[in-house]
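Subject: Handing over a structure, with notes

Dear colleague,

I am passing a structure on to you, and I would be glad if you kept it open while you read. My notes on what was found in it follow below.

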Amino acid sequence: MVNAFQWIAWDGSTEAKQSLMTFIYYGASSEFFFICFTAFLVIFLIGIWSNRFLWGVVVGLEFIGNTIGRFFAWAGLLMVVQQVIIVFMQRIFTRPDIVFGFGLPLQFDISWYAEELKLFNAMVVTLCLTYTFIQGGHVRVDLVYSAISFRAKRVIDMIGAMIFMVPMAVLIWMYTWFFMWRSLIVPNPSASEELDRLVMKARALRWNVETIGFSPNGFNGYFLFKMLMVLMIALIFIQAWAFFYRSFLEWKEGPTSEGKHLDQDVLEQGEEPYDHAEF
C-alpha cells in the first residue's frame, strides 16, 4: 500500500509519484467523504452529551472562518494600492513595466500586474465568503422565517445546512479537486478512474504547472484561482458543520443562547455600515 502523503517529500521517485496519485484519488473519494461524515457524527454524538464540548467545536470552526476572512480582506486594500501604482507608472512615468524588490527584483510588464488584480479579487470572494456568512452579511430572502418560533428557525437552519450547504460543497469539491490537479500535473487525473488505473499512470507523471496567460505578457498564474476554489469549498464544508452544531445548540438551549460565543465585528463609535451605493 502506497503512503498517500509520501509525495510531500518529493524526490521524483516512482514511489513519490504513486503516492501523489493515491493522494489525488482519495482527496475526492467516497472513502474520504465517509471519514468526514464519521467525524461529523462522532462530534455530534459527543455534543449531544456535552454542550460545552460542542460549543468549543463551534467556536473553533468559526474562528477558522473569521481569522482567514479578516486576514484576506486586506487583499482588497492591496488591489486598490496596486491599481494606483499602475496608473501612476503608466500615465506619469510612462513605464512599460514595474519592478519590486531588492537583490532579485520582481519585474513584470504592467499588463501582468493589471491582470493579477483579479487574483486579489478572487481572494476576497473565495476566502472571505464563510467570514461574511458568520458575520451575517449575506443577502437572505425571507418568506416564512421571521414569522415562525425560535426553535422552528433553528430546525430550518439545521435542515438547510444538511440539505443545501453540505451536498453543494461535496458536489463542487468533486469537480474542483480534479480541475485543480489537471492544471498541475500530467497525465491528467480523472474522477472516473479507479485507484489502480491512476497508480499505473503515475509512471509517466511529472509536474506541469500551467503558466498560460490571456496575453503574451499577461498574468500567468491562473492555476492559483483553481487552488482558491478548492480552499473556498473546504471552508464552506467546515462552516456547514459549525452552522449545524450552532443551530442544534441554540435549539436545545433556547432563545437565551442565540448568538452565544458568536464573534461578530462591532462598529466603533462614529462608524456607519456601508450597505448601498449613493450616486
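To begin with the cysteines, the structure holds zero disulfides, a disulfide being a pair of cysteine sulfur atoms within 2.5 Å. Cys 36 is nevertheless buried, at a relative accessible area of 17%, and Cys 128 counts as buried as well, at 6%; here buried means under 20% relative accessible area, exposed means over 50%, and partly exposed lies in between, with a 1.4 Å probe and protein chains only.

Before you read further, please keep in mind that this is a predicted model, in which local features need pLDDT of at least 70 and side-chain atom pairs count only at pLDDT 80 or more, while totals for chains, interfaces and linings use all residues. Residues are numbered from 1 along each chain as its sequence is written, and side-chain values use heavy atoms, with hydrogens and water left out.

As for the overall layout, the chain has nine helices and four strands, where helices (H or I, at least four residues) and strands (E, at least two) are DSSP runs numbered from the N terminus. Read from the N terminus on, the elements follow the order α-α-α-α-β-β-α-α-α-β-α-β-α. The C-alpha trace spans about 60 × 60 × 35 Å along its principal axes, and of the 279 residues of the chain, 39% count as buried. If you take contacts (heavy atoms within 4.5 Å) between residues at least 6 apart in sequence, 67% of them join residues at least 24 apart.

One pair of helices may help you to find your way: the axes of helix H2 (residues 30–49) and helix H3 (residues 51–72) come within 6 Å and cross at roughly 135°. Such axes are lines fitted to C-alpha atoms, for helices over the stretch in contact, and the angles run from 0 to 180 degrees between N-to-C directions. The crossing makes H2 oblique to H3, since angles under 35 degrees count as roughly parallel, over 145 as roughly antiparallel, 65 to 115 as roughly perpendicular and the rest as oblique. Among the residues that make the contact are Ile 43 and Trp 49 of H2 and Phe 53 and Val 57 of H3.

The aromatic residues deserve a careful look, as a search of the whole structure finds 30 aromatic pairs. Rings of Phe, Tyr and Trp (its six-membered ring) pair if their centres lie within 6.5 Å, and planes under 30 degrees apart count as stacked, over 60 as edge-to-face and the rest as tilted. Trp 7 and Phe 23 form a tilted pair, at 5.2 Å centre to centre and with 45° between the planes. Because Trp 7 lies in the segment before helix H1 (14–27) and Phe 23 in helix H1, this pair ties together parts that are 16 residues apart in sequence. Trp 173 and Trp 177, by contrast, form a stacked pair, at 5.3 Å and 20°; they are four residues apart in helix H7 (residues 150–181), and so are separated by about one helical turn. Trp 173 is buried at 17%, and Trp 177 is buried at 7%.

Finally, Gln 239 lies in helix H9 (residues 223–253) and counts as buried, at 3% relative accessibility. Leaving out residues up to four places away in sequence, Gln 239 touches Glu 62, Thr 130, Phe 133, Ile 134 and Met 165.

With best wishes
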